[in-house]
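Reader: I have just begun to study protein structures, and I should like to understand the terms used to describe one. Please show me the example, and allow me to ask how each term is justified.

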Amino acid sequence: MVRHLLFAFILLFTSATVWAHGSGQHVLGTVTAIDSTHIEVKTPKGAMVSVLLTKQTRFKEKGNPSATEPPVIGDRVVIEATRDKKPLPATEAHYSPAKKAAAKTTAAKKTATAKKTSTSATAPAPKKETTVSTAAAPKSTAKKT
């Protein structure tokens, strides 16, 4: 009986995971070319993928979900496309602008460098250690009588 319940439990959650993923194909990479009808993406493995843009394609910029402008060359994208059709028609394109990302990393590097410089400039100089001689007093050689 326990086996049957365990099997049903696993089957329930496995099927929910499959349905949550959707039927689309995801294209991840960097925009290399874009115009009003298609977008070309270079994947991390180096493959070039061309995705068709339609009037129904929605664009979502990271950090600005109300933006409707398409990405530009150099932006990182995750495109959801319909798998069954050729060429791949995009339904949604999430992107992160390359200029802002580069500016953030440059600013972070400058801040880290400034912190290192200011820390070393304001750090107190190490104290010189002085040794104090604690020579033992001479022992008394007088005998007790």
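Author: Helices (H or I, at least four residues) and strands (E, at least two) are DSSP runs, and they are numbered from the N terminus. Thr-43 belongs to neither kind of run here, as it lies in the loop between strand S2 (38–42) and strand S3 (48–52). The model is a predicted one, in which local features need pLDDT of at least 70 and side-chain atom pairs count only at pLDDT 80 or more, while totals for chains, interfaces and linings use all residues. Residues are numbered from 1 along each chain as its sequence is written, and side-chain values use heavy atoms, with hydrogens and water left out.

Reader: How many helices and strands does the protein chain have, and in which pattern do they follow one another?

Author: The protein chain has two helices and six strands. Along the sequence they give the pattern α-β-β-β-β-β-β-α.

Reader: Why is Thr-43 called buried?

Author: A residue is buried under 20% relative accessible area, exposed over 50%, and partly exposed in between (1.4 Å probe, protein chains only). Thr-43 has a relative accessible area of 16%, and it is therefore buried. Contact means heavy atoms within 4.5 Å. Apart from residues up to four places away in sequence, Thr-43 touches Leu-28, Gly-29 and Val-49. Of the 145 residues in the protein chain, 17% count as buried.

Reader: Which value of Asp-75 makes this residue buried, and what does its side chain reach?

Author: Asp-75 is found in the loop between strand S4 (58–61) and S5. Its relative accessible area is 3%, so Asp-75 falls under the limit for a buried residue. A polar contact is a pair of N or O atoms within 3.5 Å; within protein, one must be able to donate a hydrogen and the other to accept it, and residues adjacent in sequence count only if both atoms are side-chain atoms. The side chain of Asp-75 reaches the backbone nitrogen of Val-72 at 2.9 Å, and that of Ala-98 at 2.9 Å. Among the residues that Asp-75 touches are Gly-29, Thr-30, Tyr-95 and Pro-97.

Reader: Why does Pro-70 count as partly exposed?

Author: Pro-70 has 41% relative accessibility, a value between the two limits, and so counts as partly exposed. Pro-70 also lies in the loop between S4 and S5. With neighbours within four places in sequence left aside, Pro-70 is in contact with Ile-34, Phe-59 and Tyr-95. Pro-70 and Ile-34 are 36 residues apart in sequence, and their C-alpha atoms are 8.7 Å apart in space.

Reader: How do you know that strand S1 and strand S5 pair?

Author: Two strands pair if DSSP finds at least two bridges between them. Strand S1 (residues 24–34) and strand S5 (residues 76–82) are joined over seven bridges in the antiparallel sense, and therefore they pair. Leu-28 has Val-78 as its bridge partner in S5, and Gly-29 has Val-77.

Reader: What joins S1 to S2, and what joins S5 to S6?

Author: S1 and S2 run antiparallel with four bridges, and a hairpin links them through three residues. Ile-34 stands opposite Ile-39 in S2. S5 and S6 run antiparallel with six bridges, and their hairpin passes through five residues. The bridge partner of Arg-76 in S6 is Ser-96.

Reader: Which residues of S5 form its covered face?

Author: The covered face of S5 holds Val-77, Ile-79 and Ala-81, while Arg-76, Val-78, Glu-80 and Thr-82 form the uncovered one. In a regular strand the side chains alternate between the two faces of the sheet.

Reader: What makes a set of residues a nonpolar core, and which members touch the most others in the largest one?

Author: A nonpolar core is a set of buried Ala, Val, Leu, Ile, Met, Phe, Trp, Tyr and Cys residues joined through side-chain atoms within 4.5 Å. The largest has 14 residues, of which Val-27, Ile-39, Val-41, Val-51, Val-77 and Ile-79 touch the most other members. S1, S2, S5 and strand S6 (88–96) are the elements that give two or more residues to this core. S6 gives the most, with four residues. The contacts of Val-27 include Val-41, Val-51, Val-77 and Leu-88.
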